[in-house]
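Biologist: Could you walk me through this structure, in words a first-year student can follow?

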Amino acid sequence: MKRTLLVLLTLVLLLAGGLVARTLRFGSRQVSAEPADPFPVDAAAAAGRLAEALRHRTLAASDGLGADDAAFQALHDQLVAQFPRVHARLTHEAVGAHSHLYTWKGSEPDLAPVLLMGHLDVVPAEAEATWSHPPFDGAVAEGYVYGRGTLDDKGSVLAILEAVEGLLAEGHQPRRTVMLAFGADEEVGGQDGAARVAALLRERGVRLASVLDEGGPIGVGLVPGVAAPVALVGVAEKGSGRVELTVRSEGGHASMPPRQTAANTLAQALVRLEQNPFPPELRGGTRALFEYVGPEMGFGMRLLFANTWLFAPLIERQMAASPSTNASIRTTLAATMLEGSPKPNVLPAKARAVLNVRLLPGDSLEDVRSHVRKVVEDERVELVVEGDEASPVSRLDTEGWHQLQRSIRQVFPDVLVAPFLTVAATDARYFHPLSDSVYRFVPVRMNREDLTRMHGRDERLSVEEHAAAIRFYAQYLRNTTR
């Protein structure tokens with residue numbers, strides 16, 4: 001007995017020692033970066049140009065309604081007038097109905113180009129009368145630019161153009177070609193904009209060194225256990241699709257119901273799917289997030305994330321408790337549409353449910369089909385699965401990643417940089433076939449309240465934050481094109 005206890009004690013001590021040793025080796029992944037060279041920005045003037053861009057109601061076509069051609073043309077006319085060097089020195093191509101591709105030719109054309117992206121379209125503004133400043137007035141007040149599109153995503157587009165215009169004024173000549181792609185239908189899928197740009201580049205045989213699109217912000221208080229702001233760089237995004245379940249029956253009068261109706265059968269299927277979700281998995285962008293922020297935490301949390309081989313189930317259980325973090329560790333299914341009988345006293349001849357599916361990178365639409373069929377286990381339930389697959393996970397050992405990480409740290413020295421999984425869709429997904437370094441980042445500080453303003457009420461961007469974003473894009477271009 002004593003020998004057994006001694007062996008167990010030895011094993012426990014060895015395990016504890018191994019855990020501590022791994023924790024001590026779990027060092028910071030933040031790069032050291034020299035301060036960026038000064039880049040002059042007239043913050044007030046830049047805010048005014050952004051405010052003017054917000055006054056154009058550039059709503060993408062959707063739900064059978066066409067886009068406002070005049071609004072998109074007026075916005076383009078404004079950009080031509082306000083960024084004369086960009087439009088004189090860069091090659092411009094119109095793509096689709098309202099999207100644009102700019103090319104700033106480098107002195108060494110054999111180098112793979114870098115691509116910066118953004119989108120010109122915005123979502124509608126609900127309850128406009130409740131906004132502090134009307135969403136399409138482009139008001140500059142209390143140190144902020146107010147309006148639909150400041151954060152998503154005209155702020156990024158204008159900041160990129162401001163940076164390029166300023167670099168041209170300095171006489172900057174890139175060694176590497178720079179491309180700018182501004183879509184006009186990102187909010188409704190990007191098929192006419194980003195998808196066409198990506199197809200055009202593929203036809204020309206272009207291979208991109210890196211891609212930078214909208215994505216995660218500089219999160220202030222968004223990562224528990226980390227006091228410093230964290231630049232959340234999306235390295236992958238979830239796929240999006242729909243699962244349609246249909247059950248058919250003879251129908252009839254509700255006063256003489258059969259033992260089970262089409263609605264009952266469908267309801268049982270939905271309950272089974274809710275009770276049997278996809279398993280959680282700490283992988284890809286989510287695992288990478290903890291590999292980058294874990295070393296910046298206290299010893300207890302460092303111990304946890306340095307030893308995910310042992311503690312992954314515990315971490316997954318904690319993350320599954322919150323909808324926001326649960327979405328980053330599993331493929332999700334959510335019932336969003338239900339259809340049955342048109343009258344309360346008529347049995348439905350057809351009951352139908354539509355579920356929104358968000359695919360974790362590594363899972364496929366075929367995996368969803370197999371999971372649903374196995375869980376429902378009822379041949380009376382017809383199944384249709386369609387949508388877009390999840391993106392690949394971009395590499396973190398490329399020059400593109402190192403230059404992005406360095407640029408962020410140069411302009412925002414108090415900020416940590418970490419990869420993460422983007423749970424929403426962006427135009428960047430169309431460019432993974434052209435580069436293994438596709439990243440999603442908005443160089444703007446945001447807290448939880450700011451995040452609710454995106455697609456919500458009182459969307460706004462600080463005048464100073466906009467100026468900082470311009471400095472970031474200028475430094476990023478300096479680093480990637482020298």
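Modeller: We can go through some aromatic rings, one helix, a small group of strands and a few backbone details.

Modeller: Please keep in mind that this is a predicted model, in which local features need pLDDT of at least 70 and side-chain atom pairs count only at pLDDT 80 or more, while totals for chains, interfaces and linings use all residues. Residues are numbered from 1 along each chain as its sequence is written, and side-chain values use heavy atoms, with hydrogens and water left out.

Biologist: OK, how many aromatic pairs are there?

Modeller: The count comes to 8 aromatic pairs, where rings of Phe, Tyr and Trp (its six-membered ring) pair if their centres lie within 6.5 Å, and planes under 30 degrees apart count as stacked, over 60 as edge-to-face and the rest as tilted. In one of them, the centres of the Phe290 and Phe305 rings are 4.4 Å apart and the planes are at 5°, so this pair is stacked.

Biologist: And which parts does the pair of Phe290 and Phe305 tie together?

Modeller: Phe290 lies in helix H8 (residues 284-293) and Phe305 in helix H9 (residues 299-306), so the pair ties together parts that are 15 residues apart in sequence. Helices (H or I, at least four residues) and strands (E, at least two) are DSSP runs, numbered from the N terminus.

Biologist: Are Phe290 and Phe305 buried or exposed?

Modeller: Both Phe290 and Phe305 are buried, and here buried means under 20% relative accessible area, exposed over 50%, and partly exposed in between, with a 1.4 Å probe and protein chains only. Leu289, which is also found in H8, counts as buried because its relative accessibility is 14%.

Biologist: What does Leu289 touch?

Modeller: Not counting residues up to four places away in sequence, Leu289 touches Leu232, Gly294, Ala418, Pro419 and Phe420, with contact meaning heavy atoms within 4.5 Å.

Biologist: Changing topic, which residues of H12 are buried?

Modeller: Helix H12 covers residues 365-376, and its buried residues are Leu365, Val368, His371, Val372, Val375 and Val376. They cover an arc of only 115° around the axis, which puts them on the same side of H12; the arc is that of the directions from the helix axis to the C-beta atoms.

Biologist: What covers those buried residues of H12?

Modeller: The cover includes strand E9 (239-248), helix H7 (262-275), strand E11 (332-339), strand E13 (350-359) and strand E14 (381-388). Glu377, which follows H12, has a positive phi near 50°, and Glu377 is exposed, with a relative accessible area of 68%.

Biologist: Then the small sheet: in what order do its strands come?

Modeller: It is an open sheet of 3 strands in the order E4-E5-E17, and the pairing is antiparallel, where two strands pair if DSSP finds at least two bridges between them. E4 and strand E17 (460-462) stand at the edges, each with a single partner strand, so one side of each is left without a neighbour in the sheet. Between E5 and E17 there are 3 bridges, and Tyr144 stands opposite Ser462 in E17.

Biologist: What sits over the ring of Tyr144?

Modeller: The charged end of Arg460 does, 3.8 Å from the ring centre; a charge sits over a ring if NZ of Lys or CZ of Arg is within 6 Å of the ring centre and within 35 degrees of the ring normal.

Biologist: Last one, which peptide bond is cis?

Modeller: The bond from Asp152 to Asp153 is cis, with omega near 5°, and Asp153 is in the loop between strand E5 (144-146) and helix H5 (154-170).

How values were computed: The expected span of a helix is 1.5 Å times one less than its number of residues.
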